Amino acid sequence: MTLEVGFSVTHRRYVPYAHAHYGGNLVDGAYGLAMFGDVATDLAIHTDGDESLLAGYSNVEFLAPIQAGDVVEVTATVTRVGTRSRDLAFEARVLCRAAPERGPSAADVLDPPVVATRAAATIVVPPTALTAK
């Protein structure tokens with residue numbers, strides 16, 4: 001297990017068209033936050049051997065849309081380690097985007113990727129997880 005400031009975990013996911021809620025194939029902002037929850041759980045398992053609990057977000061910035069047909073990469077990075085709490089920084093980047101004007105399955109790699117969402121949060125490790133180590 002690696003519990004140190006700077007440790008990070010990254011996930012990638014294709015955004016299916018079934019998840020679009022709004023015109024222009026937009027997905028809701030909660031989609032990115034759900035991805036942050038998943039990557040935070042993965043990070044906590046790596047650092048503490050427990051899924052932990054998300055105590056809350058201290059900041060969330062929606063900077064660009066996430067759309068159906070996107071490939072999104074999310075990263076969680078440890079920014080502070082307390083006795084039972086860990087502060088995390090999150091970033092969601094759109095790596096690829098559908099290009100329906102060129103055809104029904106056309107897509108582009110975005111260079112550079114588009115930063116869609118940033119956030120900061122605190123996770124808490126249950127005391128039973130710490131005593132089990």
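A residue is called buried here when its relative accessible area is under 20%. With 0% relative accessibility, F36 therefore counts as buried, and this residue makes a convenient way into the structure, which is a predicted model. Of the 133 residues of the protein, 35% fall in the buried class.

The overall architecture is easily summarised. The protein contains 2 helices and 5 strands, and reading along the sequence gives the pattern β-α-β-β-β-β-α. Along its principal axes, the C-alpha trace spans about 55 × 25 × 20 Å. Among contacts with a separation of 6 or more, 72% come from residues 24 or more positions apart.

The 5 strands make up an open sheet with antiparallel pairing, and their order is β1-β3-β4-β5-β2. Two strands, β1 (8-14) and β2, stand at the edges with a single partner strand each, so one side of each has no neighbour in the sheet. On average, neighbouring strands are turned by 25° against each other, direction ignored. Helix α1 packs on this sheet and touches β1, β2, β3, β4 and β5, while its direction makes about 140° with that of β1.

Individual strand pairings can be followed residue by residue. Strands β1 and β3 run antiparallel and are joined by 7 bridges; here Y14 stands opposite V71 in β3. On to the next pairing, β3 and β4 are linked in the antiparallel sense over 10 bridges, and a hairpin of 3 residues connects the two strands. Within this pairing, V72 faces V94 in β4, and V74 is placed opposite A92 in β4.

Two of the residues just met, V72 and V74, reappear in the largest nonpolar core. This core has 24 residues, and those touching the most other members are L43, I66, V72, V74, L88 and F90. At least two core residues come from each of α1 (30-48), β3 (71-81), β4 (85-98) and β5 (107-124). The greatest contribution is that of α1, which gives 7 residues. The surroundings of L88 offer a closer view: beyond its neighbours within four places in sequence, L88 is in contact with A40, L43, T77, V78, T79, A119, A120, A121 and I123. One of these partners, L43, is also among the core residues that touch the most other members.

Aromatic residues add a further link between helix and sheet. The structure holds 2 aromatic pairs. In one of them, F36 and F90 are stacked, with 4.8 Å centre to centre and 20° between the planes. Because F36 belongs to helix α1 and F90 to strand β4, the pair ties together parts that are 54 residues apart in sequence. The partner F90 has a relative accessibility of 3% and therefore counts as buried, and F36, at 0%, is buried too. Together with Y57, these two residues form one aromatic cluster.

Polar side chains are also found in buried positions, and D70 is an informative case. D70 lies in the loop between β2 (53-62) and β3. Its relative accessibility is 0%, so D70 counts as buried. The side chain of D70 reaches the backbone nitrogen of Q67 at 2.7 Å and makes a polar contact of 2.8 Å with the side chain of R97. Leaving out residues up to four places away in sequence, D70 touches R13, Y14, V15, P65, V94, C96, R97 and A98. Two residues in this list were met in the strand pairings: Y14 as the residue opposite V71, and V94 as the residue opposite V72.

A second polar example is R86, which is found in strand β4. Since its relative accessible area is 2%, R86 is buried. A polar atom of the R86 side chain lies 2.7 Å from the backbone oxygen of G82.

Viewed together, these details return repeatedly to strand β4. This strand pairs with β3 over 10 bridges, supplies at least two residues of the largest nonpolar core, and carries both F90 and R86.

Key
Residues numbered from 1 in each chain as written. Predicted model: local features only at pLDDT ≥ 70, side-chain atom pairs only at ≥ 80, totals over all residues. Heavy atoms only, no water. Core = buried A, V, L, I, M, F, W, Y, C linked by side-chain atoms within 4.5 Å. Buried < 20%, exposed > 50% of the residue type's maximum accessible area, 1.4 Å probe, protein only. Helix = DSSP H or I, 4+ residues; strand = E, 2+ residues; numbered from the N terminus. Contact = heavy atoms within 4.5 Å. Polar contact = N/O pair within 3.5 Å; in protein donor to acceptor, adjacent residues only side chain to side chain. Pairing = 2+ DSSP bridges. Axes fitted to C-alpha atoms, helices over the stretch in contact; angles between N-to-C directions. Phe/Tyr/Trp six-rings, centres within 6.5 Å; stacked < 30°, edge-to-face > 60°.
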